[in-house]
Amino acid sequence: MTETGKSSLFPTYARYPITLVKGEGSRLWDDTGKEYIDLMSGIAVTNLGHAPQAVKEKLIDQLDQLWHVSNLFHIPNQEKLAALLTDNSCADAVFFCSTGAEANEAAIKLARRYNQKVLNNGRYEIITFNMSFHGRTLATLTATGQDKVKEGFHPLPGGFVYAPYNDIEAVRSLVNEHTCAIMLEMVQGEGGVLPADPEFVKQIAELCKQENLLLIVDEIQTGVGRTGKLFAYEHYGVEPDIFTLAKGLGGGFPIGAMLGKAFLAEGFSAGSHGSTFGGTPIATAAGYAAVDTIITNQLPERAAELGEYTVKKLESKLAGNPLISNIRGIGLLIGIECTQPAGEIISEIHKQGVLVIPAGPNVIRLVPALTIPQEDLDQALDVVCSVLSQKASTISGV
């Protein structure tokens with residue numbers, strides 16, 4: 001803030017009237033000392049809770065050694081984290097960056113370059129889906145199937161077409177001689193916590209094989225244990241050619257990654273793509289500690305169990321509530337769909353000491369840490385359900 005109390009920041013965020021200054025585990029504190037139970041995890045970022053000890057120790061150790069060099073040199077932490085990711089996924093190679101948008105940008109570039117420089121077929125068009133969200137760069141916001149993020153940024157780059165989610169015939173109708181890839185989220189997080197239908201995903205994978213298209217899965221929000229598997233594509237019995245990670249990858253430290261099959265390496269030859277801050281010694285130290293902790297402690301399995309428990313508890317406590325139209329999700333990525341805009345409800349939940357976030361105008365999104373203590377989860381869910389019950393009573397006049 002300036003001396004006049006005016007912020008020097010661009011007003012790009014509609015911020016809640018809360019200033020958070022401290023976090024530990026699944027608890028947060030604001031600048032007045034008020035304590036909150038965190039069911040948002042920085043939007044699915046702090047999968048291990050706030051300031052996890054395992055990540056903190058690796059960061060401190062790396063800070064005493066080396067912060068940044070350049071990708072013109074070998075970085076051992078990159079090799080360690082890449083090996084950990086490929087050993088536990090269908091991928092063979094990794095490109096590190098700093099954000100989810102950069103990871104998706106790399107996926108888009110690799111899909112096009114592989115087709116144009118390796119297969120020499122000139123293909124460039126990518127099919128994505130209505131209500132998807134892939135990032136804020138010009139390419140990734142164009143890939144996003146929501147008009148609201150594109151307003152004022154025209155002309156947008158070409159090469160993207162959109163299909164209704166879970167509609168295989170609509171996808172088939174869009175495939176043509178220019179199509180190089182299909183890009184989708186296994187759960188549309190920003191679009192309302194909408195899981196993909198298993199049969200739809202199977203048919204997408206079959207279509208990609210039939211038409212020699214690349215299958216790109218955006219795992220920015222769903223990856224690293226969030227959905228009850230290390231990666232969400234594992235729920236569906238398919239192997240993407242490319243998938244992307246960020247959010248939960250660094251335990252709260254910024255890092256992104258684009259992973260792909262070995263045959264794609266020829267498409268990203270030396271000099272074809274790069275990132276100054278991609279895969280720094282510090283970022284990859286945090287990433288290795290976070291992923292190793294999640295795997296070693298079987299946290300995806302815990303997320304599956306707690307997610308099932310959470311949905312059942314919500315369904316039980318909210319049964320008959322006229323405000324609720326649906327409760328859905330997978331693992332610890334859960335949406336409570338309301339029959340009206342959820343903004344005021346979310347604000348009231350915040351006032352009651354629980355932090356949740358929206359997923360579209362009508363959905364309350366719950367994305368707690370995979371490590372959240374059972375008692376914290378129960379206490380927070382009781383608050384959420386109490387607020388929803390009170391709101392329903394107000395509307396009905398009871």
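A disulfide is a pair of cysteine sulfur atoms within 2.5 Å. The exercises below concern a predicted model.

## Exercise 1. Cysteines

Determine how many disulfides the structure holds, and explain why Cys385 is in none.

Solution.

Step 1. Apply the cut-off to Cys385. The closest cysteine sulfur belongs to Cys338 and lies 11 Å from the sulfur of Cys385, which is too far for a bond.

Step 2. State the count. By the 2.5 Å rule, the structure has zero disulfides. Cys180 also takes part in none, since its nearest cysteine sulfur, that of Cys208, is 10 Å away.

Step 3. Consider the surroundings. Cys180 has a relative accessibility of 0% and counts as buried. Cys385 is buried as well, with a relative accessible area of 3%.

## Exercise 2. Two buried acidic residues

Asp38 and Glu185 are charged residues without a salt bridge. Identify what their side chains reach.

Solution.

Step 1. Locate Asp38. This residue belongs to strand 3, which covers residues 35-38.

Step 2. Check for a partner of opposite charge. A salt bridge requires a side-chain nitrogen of Lys or Arg within 4 Å of a carboxyl oxygen of Asp or Glu. For buried Asp38, the nearest side chain of opposite charge is Arg226, at 8.6 Å, and there is no salt bridge.

Step 3. Find the polar contacts of Asp38. Its side chain reaches the backbone nitrogen of Met40 at 2.8 Å and the backbone nitrogen of Ser41 at 3.0 Å. Beyond its neighbours within four places in sequence, Asp38 is in contact with several residues, including Ser26, His50 and Pro368.

Step 4. Repeat the procedure for Glu185. This residue is in the loop between strand 7 (179-184) and strand 8 (187-188). Glu185 is buried and without a salt bridge, its nearest side chain of opposite charge being Arg365, 8.1 Å away.

Step 5. Find the polar contact of Glu185. A polar atom of its side chain lies 3.2 Å from the backbone nitrogen of Phe133. Residues touched by Glu185, apart from those up to four places away in sequence, include Ser132, Tyr165 and Asp218.

## Exercise 3. Salt bridges

State how many salt bridges the structure holds, and describe the pairs of Asp376, Glu190 and Lys312.

Solution.

Step 1. Give the total. The structure contains 11 salt bridges.

Step 2. Examine Asp376. Its side chain meets that of Arg27 at 2.8 Å, N to O. The pair links distant parts of the chain, with Asp376 in helix 11 (residues 374-396) and Arg27 in strand 2 (residues 27-30), 349 residues apart. Asp376 is buried at 9% relative accessibility, and Arg27 is buried at 18%.

Step 3. Examine Glu190. Glu190 and Arg365 form a salt bridge of 2.9 Å, N to O. Glu190 is in the loop between strand 8 and strand 9 (194-195), whereas Arg365 is in strand 17 (residues 363-366), so the pair ties together parts 175 residues apart in sequence. Glu190 is partly exposed, at 24%, while Arg365 is buried, at 2%.

Step 4. Examine Lys312. Its partner is Glu308, at 3.2 Å, N to O. Both residues lie in helix 9 (residues 299-317), four residues apart, or about one turn of the helix. Lys312 counts as exposed at 51%, and Glu308 as partly exposed at 47%. Elsewhere, salt bridges that share partners join Lys313, Lys317, Asp378 and Asp382 into one network.

## Exercise 4. The buried side of helix 2

Which residues of helix 2 are buried, and where do they sit around the axis?

Solution.

Step 1. List the buried residues. In helix 2 (residues 53-63) they are Val55, Leu59 and Gln62.

Step 2. Use the arc. These residues cover only 65 degrees around the axis, and therefore lie on the same side of helix 2.

Step 3. Name the packing partners. The buried residues of helix 2 pack against helix 3 (76-87) and helix 8 (281-296).

## Exercise 5. Backbone geometry

Describe the backbone at Ala51, Asn166 and Pro155.

Solution.

Step 1. Recall the general pattern. Most residues other than glycine have a negative phi, and most peptide bonds are trans.

Step 2. Consider phi. Ala51 has a positive phi, near 50 degrees, and Asn166 has a positive phi near 65 degrees. Ala51 is exposed, at 57%, and Asn166 is partly exposed, at 32%.

Step 3. Consider omega. The peptide bond from His154 to Pro155 is cis, with omega near 5 degrees. Pro155 is in the loop between helix 5 (138-143) and strand 6 (160-163).

Technical notes
Residues numbered from 1 in each chain as written. Predicted model: local features only at pLDDT ≥ 70, side-chain atom pairs only at ≥ 80, totals over all residues. Heavy atoms only, no water. Buried < 20%, exposed > 50% of the residue type's maximum accessible area, 1.4 Å probe, protein only. Helix = DSSP H or I, 4+ residues; strand = E, 2+ residues; numbered from the N terminus. Lys, Arg positive; Asp, Glu negative; His and termini not counted. Polar contact = N/O pair within 3.5 Å; in protein donor to acceptor, adjacent residues only side chain to side chain. Contact = heavy atoms within 4.5 Å. Arc of directions from axis to C-beta.
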